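Biologist: Could you walk me through how the labels on this model were earned? I would like to see the reasoning behind each one.

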Amino acid sequence: MTKVTWHGHANFQIECDDVSILIDPFFTANPKADCNWEDIAKVDLVLLTHLHSDHVGDAVPLCKKHKAQLGAVVGIPTELLSLGLPPELVFNGIGFNIGGSAEFKGVSITMTEATHTSDAGLPTGFILQMQDGITIYHAGDTGIFSNMQTWGSLYDIDLALLPAGGLFTMDKRQAALAAGFLQASKVTPMHWGTFPRLAQSMDDFTQYLAKSAPKAQHMAMRPGEAITL
C-alpha cells in the first residue's frame with residue numbers, strides 16, 4: 001500500500017515498502033504545516049519541483065539529518081551545495097532532467113515540465129510509480145498546459161496532486177481541467193490556503209471536477225491528514 005500525507009502547501013510525504021519520499025518539504029515558516037521538519041521520523045529521498053523558498057523549505061537539514069538523497073532538475077543541486085548539502089547526497093550525482101526517468105529503491109520517478117519560474121534550473125513536476133503499482137503525479141507549481149494530456153496517455157495516474165490556489169499557479173477551474181487532461185482517478189488540490197492571497201477553500205472544487213473530469217474523485221485533505229491508496 002502507498003500512504004500519502006499532506007504537510008500543507010505543496011509538501012507531501014509518500015511512503016511505500018519502507019521507502020519515504022518528501023516532495024517540496026516546506027515546514028519552517030509554513031503557517032499550515034502540521035509539524036516541524038524535526039518531527040519527520042524517516043526520509044530516504046527529497047524531491048524538489050523548483051527553487052523557491054516555499055518549496056525548497058527544509059530540504060538541506062532534512063537530507064543532512066537522514067542522509068537522504070536530494071533529487072531535482074540539473075542546476076538546483078549546485079545551488080544547494082552552497083547551502084551546506086553534502087555532494088554525496090545529490091541523487092544521480094548531478095540530478096536529472098525533464099522527460100528523464102530514474103529509479104530509487106524500486107520507485108520509478110519521471111520528471112515533467114511545469115509552467116512557472118525558478119530561481120535556478122527549471123520548474124518541474126514528478127510522476128512516481130511506486131513499488132505496489134500506484135502512480136502519483138505531483139505537478140509542482142504550474143499553470144495548465146496541454147501536454148498534460150500526453151502524461152495522461154502514457155501513465156495511469158491514480159492520484160494527481162495539483163495546485164489550485166490561483167495567483168501564482170492554476171486556480172480551481174484550471175486544475176479541474178488539468179485533471180481531465182491527465183485522466184486521473186483521484187485528485188487532491190494543493191498550494192491553497194497557505195497565505196491570504198491564495199484561495200482559502202476547495203469546497204466547490206468537486207463542482208469543477210464534475211464538469212471537466214467527471215470520472216475523477218476529489219480527495220480533499222487537510223494538513224496532517226493521510227490517505228492510503
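Modeller: Happily! Buried means under 20% relative accessible area. This is a predicted model, and in it 4 of the 5 residues of strand β2 (residues 12-16) are buried.

Biologist: So what makes β2 "mostly covered"?

Modeller: That count does: 4 of its 5 residues fall in the buried class, which means each of those has under 20% relative accessible area.

Biologist: How do you know that β2 pairs with β1 (residues 3-6)?

Modeller: Pairing needs at least two bridges. The antiparallel strands β1 and β2 are joined by 4 bridges, so they pair. Across them, Thr5 faces Gln13 of β2. The hairpin has 5 residues between these strands, and Gly8 has a positive phi near 95° there.

Biologist: And what joins β2 to β3 (residues 19-23)?

Modeller: Here 5 bridges link the antiparallel strands, so this is a pair as well. Ile14 stands opposite Ile21 in β3. In this hairpin 2 residues lie between the strands, and Asp17 in the turn takes a positive phi of about 50°.

Biologist: Now to the loop between α1 (53-56) and α2 (59-66), where Asp58 sits. Why is Asp58 said to have no salt bridge?

Modeller: A salt bridge requires a Lys or Arg side-chain nitrogen within 4 Å of a carboxyl oxygen. For buried Asp58, the nearest side chain of opposite charge is Lys65, 11 Å away, so no salt bridge is counted.

Biologist: Why is the link from Asp58 to Thr28 called a polar contact?

Modeller: The cut-off is 3.5 Å, and their side chains are joined at 2.8 Å, so the pair qualifies. Asp58 also touches other residues, including Phe27 and Trp37.

Methods. Residues numbered from 1 in each chain as written. Predicted model: local features only at pLDDT ≥ 70, side-chain atom pairs only at ≥ 80, totals over all residues. Heavy atoms only, no water. Buried < 20%, exposed > 50% of the residue type's maximum accessible area, 1.4 Å probe, protein only. Lys, Arg positive; Asp, Glu negative; His and termini not counted. Polar contact = N/O pair within 3.5 Å; in protein donor to acceptor, adjacent residues only side chain to side chain. Contact = heavy atoms within 4.5 Å. Lists of a residue's contacts leave out its neighbours within four places in sequence.
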